[in-house]
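Reader: I am new to reading structures, and I would like to work through one of them slowly. Could you show it to me before I ask anything?

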Amino acid sequence: MIQWPRWIPVVARLASVFLLSACGRDGAAPTDPDDVTQWSGDPAAFRWNLPAGVSAPVVPRDNPMSDAKVELGRRLFYDTRLSVNGAFSCASCHRQEFAFADAKNLSVGATGEVHPRNSIGLSNAAYQLSFGWAAPSTNSFELHALIPMFGDAPIEMGLKGRESQVVSDLQGVALYRQLFAVAYAGESSPIRIENVVRSIAAFQRTILSFNAPIDRYRRGDAAALSAAAVRGMALFESRGCTQCHAGADFTLATVPGRAAEAFANTGLYNIGGTGTYPARNRGLMEVTGSAMDMGRMKIPSLRNVALTFPYGHDGSVGSLDAMLENYARGGRLMQTGPNAGDGRDNPYKDSRLRAFALPPGDKADLLAFLQALTDSAFVTNTTLANPWR
Ligand code: HEC
Ligand code: HEC
């Protein structure tokens, strides 16, 4: 039975029941996003919008999904009130048109501080076993969100020490007072940081992309891929890419039970022939302290990869073409500059990588395959878009 908050008038409750059955979260945009009565706080009323055969992501027991919570999370994800300068939001570095990456080599935070890493696209991030390029113990959206919000090395949103300010800013917005009350019914002061984090996490669990040509092909529509993309798919397998970019999201990082294999040094650097990666970007080594983990980064999902340029953990690979050249060579050659060295000979390079010949026809086919991982409906899906516009 749905527990309606007392303040919602009876007429609105009836309207809400009608609207929910009419829209759900199946992609139909609500008529008036500011009309809070259409959002249900009942977890049982929440519907995943997944193709047949795709299982729902894991949801923590203490943060069940609901329509109201997801809408609240969407509001917060796009809300510049969640930043020290009032001009930044999660979406500043995770933009829908770029599959929720940011098209910058390195992200820039609210205070102008440059992040050492490239923003990660969020397509199907709900299935990731860990969050960040090299943070194996950050294993939920709830844990991860604290980093951009409150972290200070680097500063992203710059909210450290401003918790009560954020809460009072949110309390000043009527829509938030209403949505928090529906999403966290029964709590006496629902507007608190834990619930901000929970809501953003719930929204991120709906950033789902299963409509690329490759998905339609996998569902049995042979015509969804061009002949070139089909040839590229075969090359992707035979050139060893699927050893790491495997499974539904083209990464072991979303394949349950394979998390330990989901990090690799791909020979992007080999500073002075010592195997070293640049400071602040040494991968798992920064967590474990073990030299063997030098340069080991999470294998990124390749969903919507054509939109998540530039590439690599530090955005230092400008194009998919350049990425393929590096793989074919067996590592990247940096001829000049402070990071000069031949990544092919990096002693910590993953043994799954093997150089291969890359004639122009093969390259074109591989690129056609990578382009076929783009879900154009995803980047225009209104339920994922900025609700404040
Ligand atoms: C200053 C830009 C910036 C802002 C603001 C920002 N992010 Fe990120 N995000 C990044 C970067 C850069 C990474 C990669 C970080 C790393 O590996 O160290 C990242 C990684 C992530 C990941 C990991 C994805 C994966 O598959 O591993 C998630 C989830 C995420 N961000 C969500 C958020 C949320 C939620 C917010 C708002 C609360 C937010 N981000 C704000 C830049 C940003
Ligand atoms: C040993 C595991 C492994 C293999 C094999 C592998 N990759 Fe990767 N791939 C990675 C890792 C790890 C990264 C991130 C590396 C970094 O930034 O330091 C990556 C990054 C990429 C990126 C950039 C994605 C982004 O968002 O930045 C593309 C594209 C890519 N790989 C395609 C391929 C292709 C094509 C092949 C086969 C020729 C391949 N990979 C083989 C592990 C692998």
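The questions below concern a ligand and the residues around it.

Reader: Which residues coordinate the iron atom of ligand 2?

Author: This is a predicted model, and what follows is read from its computed atoms. Distances of 1.8 to 2.1 Å link the iron atom of ligand 2 to the NE2 atom of one residue and the OH atom of another, and these residues are His245 and Tyr327.

Reader: What is the geometry of the site of the iron atom of ligand 2?

Author: Ideal angles for six octahedral donors are 90 or 180 degrees. Here the iron atom of ligand 2 has six donor atoms, and the angles among them run from 81 to 179 degrees, so that the site is classed as octahedral.

Reader: How many residues apart in sequence are the parts that His245 and Tyr327 tie together?

Author: His245 sits in the loop between α9 (227–238) and β1 (263–264), whereas Tyr327 belongs to helix α11 (residues 320–329). The pair therefore ties together parts whose separation in sequence is 82 residues.

Reader: Is His245 buried or exposed?

Author: The relative accessible area of His245 is 10%. Because a residue counts as buried under 20%, His245 is buried.

Reader: Which element supplies the largest share of the shell around ligand 2?

Author: The shell around ligand 2 holds 27 residues, with Tyr327 among the closest. Both β2 (297–298) and α11 supply at least two residues of this shell, but the largest share, four residues, comes from α11.

Conventions:
Residues numbered from 1 in each chain as written. Chains lettered and ligands numbered in written order. Predicted model: local features only at pLDDT ≥ 70, side-chain atom pairs only at ≥ 80, totals over all residues. Heavy atoms only, no water. Donors = N, O, S within 2.8 Å, 3.2 Å for Na, K, Ca; no water. Tetrahedral: all angles 85-135°; square planar, octahedral: opposite > 155°, others 65-115°. Buried < 20%, exposed > 50% of the residue type's maximum accessible area, 1.4 Å probe, protein only. Near = heavy atom within 4 Å.
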